[in-house]
Structure formats: C-alpha cells, structure tokens
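Visitor: I am new to reading protein models, and I would like a close look at one part. Could you pick a strand and show me how its side chains are arranged, and then what lies around it?

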Amino acid sequence: MVHEWALAESIIYHVMSQGYRKVKTLKIRLGVLQGIDKEILGFSLRELASMNNIEIKDIVLEDEEPLLECRTCDYKWSLSPSALSEEEREAIHFVPEAVYALVKCPRCGSRDFTIVKGRGVSSIEVVSE
C-alpha cells in the first residue's frame, strides 16, 4: 500500500497545484508493467483528497499496455506482466528499473532497451465541475 499511497500523494498534489477543489472526473492512465494495485490507489486517492478538502466524484483508472524498444536492433515488443514470475513483477513494482535486469530483447537478446509506454502514471486528466 505504501507505493500506491505515494503515487496518490503525487497525483493529489498535481490536482491541488492546478487549483482544482471540485473534480467531476479524475482519469488516470497506469502502466501495466509496474503492477499498480488499482483498488489501493483508488482508496488512497479518495482518502488524500478528503484530507486536502478536494471533492472527487469519479475516479477512472485505465490500463496502458507496455511497449518496449531495443536500442541495439530497434525491435519493438509488448511485454505481458504475466510472462514474468511473481518475484519479478514485485521487483518491478517497487523498483521499476529492475526491468532492465530481468528482461531482454526477444530478437537480439540485448538488455539495452527503452520503455516507450506502459510504466507508472502516464497521464492525468481532470474534468472539473
């Protein structure tokens, strides 16, 4: 819960820094690669919003599938977290950079790749009242 709470704090800080106090919809895209628990994140967002006198009617949490690109051979591929072991998924959840030690390009075997999308919080959209 600590990781999701920290993400929620950053999101609520962003909402506050934009001057929002009444939010109709808070829409967040989450990278699947990091394995963020949506239920815990939603709970944390609501608790922190309440603690900071922000009213949020609806929270929408959407998945963003991972896309990786090899810097050696330019190959692009998707990585399903289910292809990783539970220990590997947990390591990436807490230390996202662990993916570079655990995954390699399926074409050339290089560990020199970029995560193009699908990690962490990729977008926050606020619809105010």
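Guide: Let's begin with strand S3, in what is a predicted model. Follow the side chains along S3 and you will see them alternate. Leu68 and Cys70 point to one face and are buried, while Leu67 and Glu69 point to the other face and are not buried.

Now let's look at the neighbours of this strand. S3 belongs to an open sheet of 3 strands, in the order S4-S3-S5, with antiparallel pairing. The edge strands are S4 (76-77) and S5 (113-117), each of which pairs on one side only.

Take the S4 side to begin with. S3, which covers residues 67-70, pairs with S4 in the antiparallel sense over 2 bridges. Here you can find Leu68 again: this residue stands opposite Trp77 in S4. The hairpin of S3 and S4 has 5 residues between the strands. In that hairpin, Asp74 takes a positive phi near 70°.

On the S5 side, the pairing with S3 is also antiparallel, over 4 bridges. Glu69, which you met as a residue that is not buried, has Thr114 as its bridge partner in S5.

Since you are interested in how side chains are arranged, let's compare this with a helix. Helix H2 runs over residues 38-51. At 1.5 Å a residue, its 14 residues should span 20 Å, and its end C-alpha atoms are 20 Å apart, which agrees. Which residues of H2 are buried? They are Leu41, Gly42, Ser44, Leu45, Leu48 and Ala49. If you look down the axis of H2, these buried residues fall within an arc of 165°, so they line one face of the helix. Among the elements that cover them are helix H1 (2-17), strand S1 (22-31) and strand S2 (55-64). On the other side of H2, Glu39, Ser50 and Met51 are exposed.

The two ends of H2 are worth a visit too. Asp37 caps the N-terminal end, with a side-chain oxygen 3.0 Å from the backbone nitrogen of Glu39. After H2 comes Asn53, whose phi is positive, near 55°.

To return to your strand, keep this picture in mind: along S3, Leu68 and Cys70 point to one face, and Leu67 and Glu69 to the other.

How values were computed: Residues are numbered from 1 along each chain as its sequence is written. This is a predicted model: local features need pLDDT of at least 70, side-chain atom pairs count only at pLDDT 80 or more; totals for chains, interfaces and linings use all residues. Side-chain values use heavy atoms; hydrogens and water are left out. Two strands pair if DSSP finds at least two bridges between them. Buried means under 20% relative accessible area, exposed over 50%, partly exposed in between (1.4 Å probe, protein chains only). The expected span of a helix is 1.5 Å times one less than its number of residues. The arc is that of the directions from the helix axis to the C-beta atoms. Contact means heavy atoms within 4.5 Å. A polar contact is a pair of N or O atoms within 3.5 Å; within protein, one must be able to donate a hydrogen and the other to accept it, and residues adjacent in sequence count only if both atoms are side-chain atoms.
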